[in-house]
Amino acid sequence: MPLDEVRVSVLDRAFLFGDAVYEAIRIYEGRLFLIDRHLARLRRSLNELGIVCDVDRLYARLLDTISASKAKSAMAYLQVTRGADSNRSHAFPPAEVRPNELIWIQEYTSADPYQARRHQGVAVITHADLRWARRDIKTVNLLGNCLAAEAAHQAGAYEAILYEADGRVTEGSHTSVFAVKQGKLLTTPGGTQILPGVTRGFVFDLARKYGIPFEERTFFKDDIPTVDELFLTGTTTEVLGIITVDGRPVGAGSVGPVTLTLADAYKKAVTSWLEEKASE
Ligand SMILES: Cc1ncc(COP(=O)(O)O)c(C=O)c1O
């Protein structure tokens, strides 16, 4: 149905408590990229919060919705809320309250909305990580992310890199962060302090394939001036080079060679996956 006709109760727990999980999946040529990884993460988010949802059925509906939309280059947004009870009560509602599900296909006007920025790179700021202690769950509780993203926007930057009270870098407001130091990729170790980014995991695979060493190792805000390259990864962002942090250049001040290699490798992986799918 048209998006502006969709109605949700004000009693829905996503509205009242941010009690919902979501996934954003990239669609290339009408096909869902890395879908198994996204569905696995969705299942995990649902399990961690005890929201009961038949993900196989949701996936079937997602495929139908994509066909109906005829979208080629797009983002699929899935959200599952704990549902709407008859009143506002913090504790979970009885089992007969069913989850609400949203499947939303957001079409892009181009094959790659980030095309220009991919070569130029982007500016980022640093911002305190104000979020809760279970950032590994992909919930719609995103106020800490929104405050940081707005600060970046106000500063004319693309993204905010978040850091803990002791200075350790976690991730971006809606992306994962990688540093390159002496040819090696460094990124925040997996755990409850970051979202297990699907693209982050895919970049590990690409690094293995292209012989680029990588390590899940904590790095600090104060380490940023010493790194050679910095880049962001995300489902829509793919691999995006950072050229300034808080107005100061990163490395040589342009998108570095390792970042360019991985950004190109990502594109090639999508192309060969599409070729494979087309011949099936
Ligand atoms: C906080 C956060 N970190 C990282 C990511 C990147 O994750 P993915 O690569 O799965 O899109 C996102 C994406 O929305 C995010 O919100």
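**Figure 1. What surrounds the ligand.** The shell around the ligand breaks down into 3 nonpolar, 10 polar and 4 charged residues. Keep in mind for this and every other panel that the model is predicted. In total, 17 residues surround the ligand, and the closest are Arg41, Glu171, Val198, Thr199 and Thr235. As for where the ligand sits, that's the largest pocket. Two elements to pick out here are strand E7 (169–172) and helix H6 (198–209), each of which supplies at least two residues of the shell.

**Figure 2. Polar atoms within reach of the ligand.** Zooming in, we get a handful of N and O distances to look at. An oxygen atom of the ligand is 2.8 Å from a polar backbone atom of valine 198. For lysine 138 it's the side chain that matters: one of its N or O atoms is 2.9 Å from an oxygen atom of the ligand. A nitrogen atom of the ligand, meanwhile, has a polar backbone atom of threonine 175 at 3.4 Å. How much of the ligand's accessible area does the protein cover? Of the 390 Å² that the ligand has on its own, 92% is covered.

**Figure 3. Lysine 138 and its loop.** Here's the lysine from the previous view again, with its side chain 2.9 Å from a ligand oxygen. Lysine 138 belongs to the loop between strand E5 (122–128) and helix H5 (143–154). Is lysine 138 buried or exposed? Its relative accessible area is 11%, under the 20% cut-off, so lysine 138 counts as buried. Also worth a look is arginine 44: the two residues are 94 apart in sequence, yet their C-alpha atoms are 9.1 Å apart in space.

**Figure 4. Aspartate 136 and arginine 44.** Staying with the loop between E5 and H5, this close-up turns to aspartate 136. Its side chain and that of arginine 44 are joined by a polar contact of 2.9 Å. Aspartate 136 is buried, because its relative accessible area is just 4% and the limit is 20%.

**Figure 5. Arginine 131 and two acidic partners.** Arginine 131 is another residue of the loop between E5 and H5. Which side chains does it contact? One is aspartate 129, joined to the arginine 131 side chain by a polar contact of 2.8 Å. The other is glutamate 171, where the side-chain contact is 2.9 Å. Glutamate 171 should look familiar from the first view, as it's among the residues closest to the ligand. With a relative accessible area of 15%, arginine 131 falls under 20% and is therefore buried.

**Figure 6. Two positive phi angles outside glycine.** Why pause on these backbones? Most residues other than glycine have a negative phi. Leucine 34 isn't a glycine, but its phi is positive, at about 55°. You'll find leucine 34 in the loop between strand E2 (31–32) and helix H2 (35–49). Glutamine 182 is no glycine either, and its positive phi is about 45°. Its place is the loop between strand E8 (176–181) and strand E9 (184–187). What about burial? Leucine 34 is buried because its relative accessibility, 14%, is under 20%. Glutamine 182, in contrast, has a relative accessible area of 74%, which is over 50%, so it counts as exposed.

Key: Residues are numbered from 1 along each chain as its sequence is written. This is a predicted model: local features need pLDDT of at least 70, side-chain atom pairs count only at pLDDT 80 or more; totals for chains, interfaces and linings use all residues. Side-chain values use heavy atoms; hydrogens and water are left out. A residue is near a molecule or strand if one of its heavy atoms lies within 4 Å of it. A polar contact is a pair of N or O atoms within 3.5 Å; within protein, one must be able to donate a hydrogen and the other to accept it, and residues adjacent in sequence count only if both atoms are side-chain atoms. Accessible areas come from the Shrake-Rupley method with a 1.4 Å probe; for residues, only the protein chains shown count as cover. On a 1 Å grid over the protein atoms alone, a cavity is a set of points where a 1.4 Å probe fits but cannot get out, and a pocket is an open set with protein on both sides within 12 Å along at least five of seven lines; lining residues have an atom within 4 Å of a point. A molecule sits in a cavity or pocket if more than half of its atoms lie within 2 Å of its grid points. Helices (H or I, at least four residues) and strands (E, at least two) are DSSP runs, numbered from the N terminus. Ala, Val, Leu, Ile, Met, Phe, Trp, Tyr, Cys and Pro count as nonpolar, Asp, Glu, Lys and Arg as charged, and the others, Gly among them, as polar. Buried means under 20% relative accessible area, exposed over 50%, partly exposed in between (1.4 Å probe, protein chains only).
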